[in-house]
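Please look through the sequence and the model below before reading on. The paragraphs after it go from the whole chain to single residues.

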Amino acid sequence: MKILVTAQMCYKKPMLQLKNVIKQFADRVVLRDVTWHVRPGDRIGLCGENGAGKTTLLRMLAGQVDVDAGIISRAKGTTIGYLPQEGLEHHGQSLFVEVRSALHELLVIEAELQRLEGRISHEAVSVDLDRYAELQETFRQRGGYTMESEIGRVLKGLGFAENDWNKPCEHFSGGWQMRIALAKLLLQRPNLLLLDEPTNHLDLPARDWLEGYLVSYPHAVILVSHDRFFLDQVVTRIVEVWHAKLTDYPGNYSRYLVVREERVAALRESKRRQDEEVARVEAFISKFRFNANKASLVQSRVKQLEKIERIELPPERKKIGFAFPSPPKGGRLAVGLSGVNHGYGELSVLQEVELSVERGERVALVGANGAGKSTLMRLLAGVEAPQQGLREEGHNLVMGYFAQDQARTLDSSLTVIEQITRVAPFDMVPKLRNLLGAFLFHGDDVHKKVAVLSGGERNRLALAILLLEPANLLLLDEPTNHLDLASKEVLLEALKGYRGTLIFVSHDRYFVDALASRVVEVANHLATSYIGNYADFLQVKAGEGDSSHSALRVEKAGAKAAAEIPSDKAGRVASHAERKEARREAQRQKKQLDTVETRIEGLEQQLATLVTAMQAPEMALDHARLNQLVDQHAGLQEELDVCLARWEQLQEVVAAGDE
């Protein structure tokens, strides 16, 4: 019997549905007649321009914002957990007690068990014994006996040290407040998790841990993130919010970029043909408008025009290019630290640091929050003098330093455009509007006073200004904070073309992987160098048995090696039986692989036929038919993605069996 892996076979009943939903604020329409659904197990990334309505959509799904028309229906038993971007504050309890309070139902059962234990110890009542046994089993099934260890695992994964557990919550800053809220949500395990920028304020180890947690999360997740690597690893479906509509793209963010371009290209061609046909019809109407003999034909053409549903194109994404001014030539050494010890009062942060950065290197500083990355950056920049040891500058060093509080250097009395024009080289002045646009200052935003800018806006402006100054050493401490995906891409491309030396701190994995030629880990008061990017660094750390940066990958790598070989006779018999079963299973997997490959070939042929049909000239006027073909194409593409994912799984299993 043939086994076909199809989208229909994998279909699950939606847990949440939007039907003809309309939402607007004053004259701005956020959603217009949107019908959409979320299935159990979906991993959805929401994408779109700033202000498109991603946060509003999350708040609507969470029940915090009402729709103006239409309905949002939730399947029975759906539980929703929502993490907003800001406004989170916890106080009055210690960290551990606050996070533990998220498990309210388990705590109620635990209290009831303790009450019953007290009664049973004095007088054994059969009713109490039955109730106790029932509650005990419920408590066990829901993880009550591992509750404390699970809380510890989540807190550790999100970067809290064990000596933080008894600290009052009000002692933690805004970024750590967000981590507290995230920890509570993850422990509650709702079957629909809504996360708005969950990677904000997370360092790389915590991002890696959260990525692994969400990949194995058994329920649906919808998230907004400006971290491309995080999206690629976690989501399997991108939903673009644009022009008050939602458009689905199967696959992760990288695949979405490719498929979106293909879709837009097809739409652009269809619109070109439609515009040509409209122009031809309008020319006919204009030519014979006053010809009585052609009146019926003219009326027919007018009605034809009225029936045409005009094709709308997504906005063109401007390719904003930015090139650094040529840096002055420097010596072989850019900057170095030798025998450096540093700290604050009795607190020791760095000890015996030896670090030499040569011309042209791209050095990423990584480590947990509070490990000393910013301190090391200030020492390299010469902002702080080491308590012990030496700092050495290279010949003709011209340095640009972007600190996390760089915004304090701005003049509040100036407008955005005045501030950047004041420091811009003459030949860069014509490009300033484009540069400001890349850093999210659009239209009239450039005329805002610096005094009224938010903290994030000030940081973006300070970064844009720094990039205008010719320097042969750039030190950037969290330059990607407050930037969206498009702005990060502009900055990344500019830094790739930068011909000077770069030292930077970033919690964006994609950014670090694309730029770094050396990683310096700041941990345990030391600064240790690793050649390569962050992926190379993780591989070395995994080989050393250090799982602090990416426990998931290390666990996977070590799982096979950890398998024990039975030594006794019973063990050998069991092992032989397992090998026989494994061979039979491998044969079954090979048959399934052949079936899936055949199905993939068929789907690819059907998709090619559909693309040809969609590009036919008559589709320009038959928009209903074009939409039907687009829907068919999306359905087949989704099924193809399922088959390809299944093919990869089977290929891995078959390859492993052949080794």
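What follows takes the chain as a whole, then its cores, one helix, one sheet and a few residues.

The model is predicted: local features need pLDDT of at least 70, side-chain atom pairs count only at pLDDT 80 or more, and totals for chains, interfaces and linings use all residues. Residues are numbered from 1 along each chain as its sequence is written, and side-chain values use heavy atoms, with hydrogens and water left out.

The secondary structure of the chain comes to 20 helices and 18 strands; helices (H or I, at least four residues) and strands (E, at least two) are DSSP runs, numbered from the N terminus. Of the 659 residues in the chain, 46% are buried. Buried means under 20% relative accessible area, exposed over 50%, and partly exposed in between, with a 1.4 Å probe and protein chains only. Contact means heavy atoms within 4.5 Å. Among contacts between residues at least 6 apart in sequence, 69% join residues at least 24 apart.

In soluble globular proteins, nonpolar side chains tend to be buried together. A nonpolar core is here a set of buried Ala, Val, Leu, Ile, Met, Phe, Trp, Tyr and Cys residues joined through side-chain atoms within 4.5 Å. The largest one has 52 residues, and those with the most contacts inside it are Leu155, Phe160, Leu186, Leu195, Leu214 and Leu223. Helix α6 gives the most to this core, with nine residues. Apart from this core lies another, of 49 residues, including Phe322, Phe324, Ile420 and Leu491. Leaving aside neighbours within four places in sequence, Leu155 is in contact with Leu95, Phe96, Val99, Phe160, Trp165 and Ala183.

Helix α6 covers residues 174-188, 15 residues in number, and spans 22 Å from its first C-alpha to its last, close to the expected 21 Å. That expected span is 1.5 Å times one less than the number of residues. Because 13 of its 15 residues are buried, α6 is largely enclosed by the rest of the structure.

Most residues other than glycine have a negative phi. Arg189, just after α6, instead takes a positive phi of about 50°. Arg189 is found in the loop between α6 and β6 (192-196) and counts as partly exposed because its relative accessibility is 38%. His201 also is not a glycine and has a positive phi, of about 70°. His201 lies in the loop between β6 and α7 (204-215), and at 46% relative accessible area His201 is partly exposed.

Further along the chain is an open sheet of three strands in the order β11-β10-β13, with antiparallel pairing. Two strands pair if DSSP finds at least two bridges between them. The edge strands, β11 (347-358) and β13 (388-393), each pair on one side only. The twist averages 15° from one strand to the next. Angles run from 0 to 180 degrees between N-to-C directions, with axes fitted to C-alpha atoms, for helices over the stretch in contact. Eight bridges join β10 (residues 333-344) to β11, and Gly336 has Ser356 in β11 as its bridge partner. Helix α11 (residues 373-381) packs on the sheet, touching β10, β11 and β13, and its direction makes about 130° with that of β10.

Last comes Asp513, in helix α16 (residues 509-515). Asp513 counts as buried because its relative accessibility is 16%. The side chains of Asp513 and Arg509 are joined by a polar contact of 2.7 Å.

Conventions. A polar contact is a pair of N or O atoms within 3.5 Å; within protein, one must be able to donate a hydrogen and the other to accept it, and residues adjacent in sequence count only if both atoms are side-chain atoms.
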